[in-house]
Amino acid sequence: MKKSSVLIALCFMSFFGAIAQQKKELKNPKVIVITLDGFRWQELFTGADNKLIANKKYVEDTLGLKEKFWRKTAEERRVALMPFFWNEVSKMGELHGNRNQGSNVNLTNSMWFSYPGYNEILTGSADDIRINSNDKINNPNTTILEKINKLPKYKGKVAAFGSWDVFPFIINEERSGIPVNAGFEAAKEGKLSPREMFLNEMQTKVPSPWDSVRFDAFTSNYALEYMKKEHPELVYISLGETDDFAHDGNYQAYLKSANASDGLIQELWNFTQKDSFYKDNTIFIVSTDHGRGTDPLDEWKSHGSKIAGADQVWLVIFGNGIQPKGEVISSEQIFSNQIAPTVLHLFDPKAKDPEMKGLPLQILKNN
């Protein structure tokens with residue numbers, strides 16, 4: 001009897017200890033928000049487009065591209081394109097936006113291009129009156145990054161990185177005081193690591209095809225090095241290549257860039273699971289600022305209010321404490337303006353912000 005009583009007691013201790021540990025891990029999680037500029041839900045959920053991958057108007061090496069990314073089924077194609085998302089993220093998080101399954105994610109702004117999309121994602125509200133261009137104007141709205149940075153507990157623990165040189169204005173770096181490394185800026189925060197110095201040197205030697213957007217590998221690696229050094233608690237990273245390659249009509253580079261983004265996100269995730277500051281206490285939220293057209297075919301290159309389907313986006317969430325729903329295959333409607341309120345809720349479950357029009361998503365296991 002004594003042995004069985006001890007065994008039962010140990011079982012209860014183990015059970016409640018596990019619950020306590022889970023609650024401890026979920027307390028004050030670190031949050032990494034990532035966007036892939038203009039990356040369509042169609043490629044994320046069904047892989048390479050059969051109307052584009054063999055079209056010599058958009059692909060230089062059709063045979064090579066098909067060998068790399070074409071498979072018989074949509075499920076196989078999406079794994080080939082985004083292996084981290086579909087082999088790992090799908091088992092530990094939730095993927096929203098496959099409209100073929102009834103899962104809809106949409107913008108609430110009516111512009112359907114970048115600055116309005118990023119403003120909506122980062123502030124939790126569309127602003128079609130004041131944010132109606134991609135001009136370099138300081139955002140009059142306050143982003144979730146700035147709001148978290150204003151909290152005494154998180155002051156100086158927020159950072160942003162972007163491939164597009166408009167991000168210092170979207171985040172209003174001047175007013176917010178948040179360090180923003182974007183466009184072709186070099187690392188300059190704190191004592192530079194050897195790798196940051198290497199990135200600074202290489203960035204000047206690797207020409208970008210675009211005047212306002214650098215290659216995403218620089219953006220992601222600048223973010224990674226900063227995370228290693230400063231350990232911010234809220235990080236925003238915007239990868240931009242997919243949109244620019246699409247505008248160029250280069251479907252080959254568009255797919256390869258999406259595939260590379262999948263690898264960059266995996267690298268960031270793997271780091272957080274090895275670093276003691278982030279390990280078992282980090283949540284990733286990944287989305288896009290706008291969709292793209294599909295019909296007529298050439299409209300895959302474009303977006304904006306006149307392009308049907310450019311308001312259709314997607315949302316992927318994974319990390320510690322997230323409900324492992326995998327691909328959502330039931331009817332639902334989510335909006336991009338729910339991302340910022342969700343981030344706010346993760347940092348302060350009791351907080352309510354009247355400036356945010358979206359509602360926080362219930363993404364944690366214990367919600």
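The exercises below work through packing, aromatic pairs and backbone geometry in a predicted model.

Residues are numbered from 1 along each chain as its sequence is written. In this predicted model, local features need pLDDT of at least 70, side-chain atom pairs count only at pLDDT 80 or more, totals for chains, interfaces and linings use all residues, and side-chain values use heavy atoms, with hydrogens and water left out.

**Exercise 1. Locate the annotated domain and describe the span.**

Step 1. Start with the record. UniProt, in an unreviewed entry, places "domain: Metalloenzyme" at residues 221-347. Positions are in the numbering used here, feature names are shortened, and annotations may be inferred rather than shown by experiment.

Step 2. Turn to the model. The end C-alpha atoms of residues 221-347 are 25 Å apart. The span is 38% helix and 18% strand. Helices (H or I, at least four residues) and strands (E, at least two) are DSSP runs, numbered from the N terminus.

**Exercise 2. Classify two aromatic pairs and place their residues.**

Step 1. Set the rule. A pair of aromatic rings is described by the distance of the centres and the angle of the planes. Rings of Phe, Tyr and Trp (its six-membered ring) pair if their centres lie within 6.5 Å; planes under 30 degrees apart count as stacked, over 60 as edge-to-face and the rest as tilted. The count by this rule is 22 aromatic pairs.

Step 2. Take W164 and F167. Their ring centres are 6.1 Å apart and their planes stand at 85°, so this pair is edge-to-face. W164 is buried at 12% relative accessibility. F167 is buried too, at 1%. Buried means under 20% relative accessible area, exposed over 50%, partly exposed in between (1.4 Å probe, protein chains only).

Step 3. Take Y251 and W300. The centres lie 5.2 Å apart with the planes at 90°, so this pair is also edge-to-face. The pair links distant parts of the chain, 49 residues apart. Y251 is in helix α13 (residues 251-272), while W300 is in the loop between β7 (282-287) and β8 (315-319). Y251 is buried at 0% relative accessible area, and W300 is buried at 0%.

Step 4. Widen the view. Ring pairs join F39, Y58, Y251, Y254, W300 and W314 into a cluster.

**Exercise 3. Work out how α4 and α5 pack.**

Step 1. Two packed helices are described by the angle between their axes and the distance between the axes. Axes are lines fitted to C-alpha atoms, for helices over the stretch in contact, and angles run from 0 to 180 degrees between N-to-C directions.

Step 2. Helix α4 (residues 74-81) meets helix α5 (residues 83-92) at about 105°, with the axes 4 Å apart. That makes α4 roughly perpendicular to α5. Angles under 35 degrees count as roughly parallel, over 145 as roughly antiparallel, 65 to 115 as roughly perpendicular and the rest as oblique.

Step 3. Name the residues. From α4 come R78, V79, A80 and L81; from α5 come P83, W86 and N87. Contact means heavy atoms within 4.5 Å.

Step 4. Check the charges. The charged end of R78 sits over the ring of W86, 3.6 Å from its centre. The charged end of R77 sits over the ring of W70, 4.4 Å from its centre. The rule: NZ of Lys or CZ of Arg is within 6 Å of the ring centre and within 35 degrees of the ring normal.

**Exercise 4. Decide how enclosed α6 is, and find what covers this helix.**

Step 1. Ten of the ten residues of helix α6 (residues 114-123) are buried, so the helix is largely enclosed by the rest of the structure.

Step 2. The cover includes β1 (30-36), β3 (103-106), α7 (144-150), α8 (167-170), β6 and α14 (339-347).

Step 3. Look inside β6 (residues 234-239), the strand that holds L234. L234 is buried at 1% relative accessible area. Beyond its neighbours within four places in sequence, its contacts include V31, V33, I144, V343 and F347.

**Exercise 5. Find unusual backbone geometry.**

Step 1. Most residues other than glycine have a negative phi, and most peptide bonds are trans.

Step 2. Not a glycine, W112 has a positive phi of about 65°. W112 is in the loop between β3 and α6 and is buried at 17%.

Step 3. D280, also not a glycine, has a positive phi of about 60°. D280 lies in the loop between α13 and β7 and is partly exposed at 32%.

Step 4. D295 and P296 are joined by a cis peptide bond, with omega about 0°. P296 is in the loop between β7 and β8.
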